[in-house]
Amino acid sequence: MLSQRIASLRPSPIREILSVIDRPGMVSFAGGLPASETLPHLAHSDDPALLQYGPSEGDPELRAAVSEQLRALGLDAPTERVMILSGSQQGIDLVSKLFIDPGTPVAVESPTYLAALQVFRLYGADFTNLDWDRAPTAPLAYVVPTFANPTGRCATRDERDSLARACLDSGTTLFEDDPYRELTYEPCDRVPVAARMGGGSWVYQGSFSKTFAPGLRLGFLAASEDLFPHLVMLKQAVDLHSSTLSQRLVLSAVTDPSWAQRLDDLASFYRNRRDVFDDALRRHLGGLAEWQAPAGGLFFWLRLTRPLDTRTLLHTAIDRGVAFMPGEEFFPDRPQLGTMRLNFSHADAADTERGLRTLATLLDGAADHHTEQTSFQRG
Ligand SMILES: Cc1ncc(COP(=O)(O)O)c(C=O)c1O
C-alpha cells in the first residue's frame, strides 16, 4: 500500500544516535551539535504577529537581510530570489523534488553529507562522481565546497573556478550547500562557486543552525531565475511557510549591531575547541589514525591506520558512553572502510578527554582482534 520510494528509505544513523546522546554521562562526537554555551537566551513577547501565518518565501525583512549578505559574497541574489527555509535540510528536499526522478543522475562528492544522500536516494537518484575539474555528467551537481561535511575540506580557488566553468559548459545545475562558511578558523578562499558562474542554473543555500540555533529550524536559499518560482511552489506544498516566530527571532539577531561580533566570538570559541580536540586526538589516537585539523566547520575526519568497518564498533562505543559517526555512512556507493567523523564543537575539554580515551581503548582492542583474525586466516 505504500509508495515504491519507501523501499529505499533507511533510518538516519544520526537520528538514532541523537536519541541516545542525552543519556547521563554520554560523550557525543556524533552529531553536528553547536555548543550549548553558544545558544542565545530568549525573552518572551506578546506580539500576536509572531504567531500569525506569513508568506511562503519568508519574512520580507529577513529575506532582505539575507539578500544583502549574499550579494556581498558576489551572488546574484536580489531579495525577490531569496527564500527562507525550514532548515537547509528542506532545501535539499525541494531541490530533489525539482530535479530527481527514479534513475536521474546526480553528481556528488565521495564522501559527502549523508542526509543529502538519503534524500537524493529517496527520490531515486543514480549517483555519479563529482570531479572538480571535469564537466559533471548529470543534470544536478551537489557540493559542500566550504568545510565539507564530513571531511572539513575547503575547496581551493582553482577548484571552485573550474567547477563553475564546468557546470556552465555542461548545462548542469549547481546545488551549493554552505552551512559552515561562518565557522572559519584559518583563512581560505570561500567565495561561493555559484558567485563565479556569472549565469547558468544554480541554487545556493545556507543555514542559521550553526551560527544561531538549530532548534529554530531556519535556513535560506537563493536561486537562478529559471528555478526560483518552482522552488516557491514546492515549498508551499510542503509547509506553506517557515515558522513566523523563528523568523522574527533570527531577524532581530542578524540585524542587531552585535551580530558580526557574535560570529567572531563563535569562531574563536570553536577554534579553541578544535585545538583542544586536536591535542587530545594526538595523545590518544596518534598511531591509530591519521587526520588533518580542519580550517573550519565542526568535524575531524579520521582514517584508521589499520582499516576496519567502524560501523561494527558503534554499539560497543555507545555502551561505553561515547558516540561517533562511522565514516562509511557518508559514501554514495561502496564505502571506504576505516573512516570516522568526530564532532568537536559540543563536548567540553573534560568530556573530549574521556571520550577519546575510551575510543582509543576500543580501537586498540579492535585492531588487535583484527590482526589476530588476519593472522589466523593466513596461518
Ligand atoms: C552539509 C549540510 N547541509 C545541510 C545541513 C542541514 O542543516 P539545517 O537543516 O539544520 O539547516 C547540515 C547539517 O548538519 C549539513 O551538514
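This report walks through a ligand site, two helices and one threonine in a predicted model.

A few ground rules first. Numbering starts at 1 along each chain as its sequence is written, and side-chain values use heavy atoms, with hydrogens and water left out. Since the model is predicted, local features need pLDDT of at least 70 and side-chain atom pairs count only at pLDDT 80 or more, while totals for chains, interfaces and linings use all residues.

**The ligand site**

The ligand is surrounded by 13 residues, where near means that a heavy atom of the residue lies within 4 Å. The closest are S88, D177, Y180, S207 and S209. By class, the shell has 4 nonpolar, 6 polar and 3 charged residues; here Ala, Val, Leu, Ile, Met, Phe, Trp, Tyr, Cys and Pro count as nonpolar, Asp, Glu, Lys and Arg as charged, and the others, Gly among them, as polar.

The table shows polar contacts of ligand oxygen atoms (pairs of N or O atoms within 3.5 Å; within protein, one must be able to donate a hydrogen and the other to accept it, and residues adjacent in sequence count only if both atoms are side-chain atoms).

| Residue | Protein partner | Distance |
|---|---|---|
| Q89 | polar backbone atom | 2.9 Å |
| S207 | side-chain N or O atom | 2.6 Å |
| R217 | side-chain N or O atom | 2.8 Å |

Taken alone the ligand exposes 400 Å², and the protein buries 92% of that. Accessible areas come from the Shrake-Rupley method with a 1.4 Å probe, and for residues only the protein chains shown count as cover.

**Helices α3 and α5**

Helices (H or I, at least four residues) and strands (E, at least two) are DSSP runs numbered from the N terminus. S88, one of the closest residues to the ligand, belongs to α3, which covers residues 88-99. Its 12 residues reach 17 Å from first C-alpha to last, close to the expected 16 Å, a span given by 1.5 Å times one less than the number of residues. In α3, 9 of the 12 residues are buried (under 20% relative accessible area; exposed is over 50%, partly exposed in between). Among them are S88, D93 and F99.

Helix α5 (residues 157-170) has 14 residues and reaches 20 Å, close to the 20 Å expected. Its buried residues include E159, R160 and L163, and their cover includes β5 (140-143) and β6 (173-177). Just after α5, G171 takes a positive phi of about 70°.

**T358 in α10**

T358 lies in helix α10 (residues 349-378). T358 counts as buried because its relative accessibility is 19%. A polar side-chain atom of T358 lies 2.9 Å from the backbone oxygen of R354. Leaving out residues up to four places away in sequence, T358 touches R320 and V322, with contact meaning heavy atoms within 4.5 Å.

Notes:
Buried < 20%, exposed > 50% of the residue type's maximum accessible area, 1.4 Å probe, protein only.
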